[in-house]
Amino acid sequence: MATALVRYQAAAVSDRGRKRPSNEDSFGYSVEHGVYLVCDGMGGAAAGEIASSLAVDEVMRILTGRGATEPVDDVIHRAIAAANEAIYSRSENNPRLNGMGTTLVSIVVDERRVRIVNVGDSRCYRLRDQHLEQISEDHSLVDEQVRLGRMTAAEALRSPLRNVITRALGTQSKVTPDLFDLEVKPGDLFLLCSDGLTRELSDGKIEELLCAGCDVQQMCASLVEAANNAGGGDNITSLIVRAEE
Ligand code: CA
């Protein structure tokens with residue numbers, strides 16, 4: 001029995017925000033190849049920008065070039081390792097870039113399933129039947145404390161340590177991503193975003209804005225605008241992918 005193809009629509013908006021001198025977030029996507037990603041770079045001077053764009057370039061290059069026979073999980077691990085190595089070796093060879101790194105959150109489409117790949121505290125959410133759910137888990141110090149029951153979610157939001165992430169691409173010689181495997185239903189909407197969005201907007205507010213929208217480009221723009229109106233304390237990136245029958 002032939003299953004109907006799922007088609008995807010995507011858009012992204014990235015903005016410097018109101019407080020930062022430059023934008024260290026990067027994103028990339030290819031609807032044709034079913035690859036979508038957001039990276040949030042960190043490091044002094046221009047290092048964060050270099051780290052996040054190196055990660056986007058490497059992961060896009062490998063995932064859009066994948067053959068039909070290699071299992072998708074193998075390609076993902078190869079892409080993450082290559083991006084990690086590209087950033088790590090560049091920073092080892094240049095003292096000014098020392099310690100640079102980046103988060104990465106990505107969706108890779110595999111027929112009617114998607115893999116969600118995550119390193120760091122950028123997030124993937126799914127909106128299904130008007131209900132927003134966070135799919136990825138933050139690799140941050142406070143989030144780990146919350147998962148261990150040592151801190152409440154409200155305390156985590158106010159913590160001075162909330163910037164500390166426990167996993168990043170490019171800061172160590174090896175990195176292990178989280179991988180989530182989900183079946184896609186027509187109508188599912190996925191949001192990839194940097195913490196500049198989620199620091200300013202509650203999950204409830206994000207859900208409200210996504211439910212109110214219909215055009216994916218417009219939805220990305222309204223999320224970024226709302227985060228700027230709420231303070232725009234950091235770079236803001238939102239990338240939306242929607243599955244349609
Ligand atoms: Ca950020």
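The legends below describe close-up views of a predicted model.

**View 1. The calcium ion and its aspartate donors.**
Three residues supply the protein donors of the calcium ion: Asp40, Asp195 and Asp234. Asp40 is listed with two OD donors, while Asp195 and Asp234 each give one OD. These atoms lie 2.3 to 3.1 Å from the ion. Along the sequence the donor residues follow the spacing D-x154-D-x38-D. Asp40 sits in strand β3 (residues 35-42) and Asp195 in helix α5 (residues 195-198), so this pair ties together parts that are 155 residues apart in sequence. Asp40 is buried, at 9% relative accessible area. Asp195 is buried too, at 7% relative accessibility.

**View 2. Helix α1 against helix α2.**
Helix α1 spans residues 47-64 and helix α2 residues 72-92. Their axes come within 9 Å and cross at roughly 150°. The crossing is right-handed. From α1, the contact residues are Ile50, Ala51, Leu54, Ala55, Glu58, Val59, Ile62 and Leu63. Facing them in α2 are Val75, Ile76, Arg78, Ala79, Ala82, Ala83, Ala86, Ile87 and Arg90. By type, the residues of this contact are 14 nonpolar and three charged, with no polar ones.

**View 3. The largest nonpolar core, with Leu104.**
This core holds 28 residues. Leu37, Leu63, Leu104 and Leu169 touch the most other members. Elements giving two or more residues are β3, α1, α2, β5 (104-110) and β6 (113-119). Helix α1 gives the largest share, nine residues. Leucine 104 touches Leu37, Val38, Cys39, Val59, Ile80, Val117, Asn118, Val119 and Leu169, leaving aside residues up to four places away in sequence. Another core, of 22 residues, lies apart from the largest one. Its members include Leu201, Leu223, Ile236 and Ile240. In soluble globular proteins, nonpolar side chains tend to be buried together.

**View 4. Helix α6 against helix α7.**
Helix α6 covers residues 203-212, and helix α7 covers residues 216-229. The two axes come within 9 Å and cross at roughly 145°. α6 passes α7 in a right-handed crossing. Ile206, Leu209 and Leu210 of α6 meet Met219, Ser222, Leu223 and Ala226 of α7. Six residues of this contact are nonpolar, one is polar and none is charged. Leu223 of α7 is also among the members of the 22-residue core.

**View 5. Asp181 in strand β9.**
Aspartate 181 belongs to strand β9 (residues 178-183). This residue is partly exposed, with a relative accessible area of 40%. Aspartate 181 touches Arg113, Val114 and Arg115, not counting residues up to four places away in sequence. The C-alpha atoms of aspartate 181 and isoleucine 107 are 9.8 Å apart. Along the chain, these two residues are separated by 74 residues.

**View 6. Ser140 in the loop before α3.**
Serine 140 lies in the loop between β8 (131-134) and α3 (141-147). Is this loop residue buried or exposed? Serine 140 has a relative accessible area of 3% and is therefore buried, the cut-off being under 20%. Serine 140 touches Val164, Ile165 and Thr166, leaving out residues up to four places away in sequence.

Notes:
Residues numbered from 1 in each chain as written. Predicted model: local features only at pLDDT ≥ 70, side-chain atom pairs only at ≥ 80, totals over all residues. Heavy atoms only, no water. Donors = N, O, S within 2.8 Å, 3.2 Å for Na, K, Ca; no water. Helix = DSSP H or I, 4+ residues; strand = E, 2+ residues; numbered from the N terminus. Buried < 20%, exposed > 50% of the residue type's maximum accessible area, 1.4 Å probe, protein only. Axes fitted to C-alpha atoms, helices over the stretch in contact; angles between N-to-C directions. Left-handed = near helix turned anticlockwise from the far one by under 90°. Contact = heavy atoms within 4.5 Å. Nonpolar A, V, L, I, M, F, W, Y, C, P; charged D, E, K, R; others polar. Core = buried A, V, L, I, M, F, W, Y, C linked by side-chain atoms within 4.5 Å.
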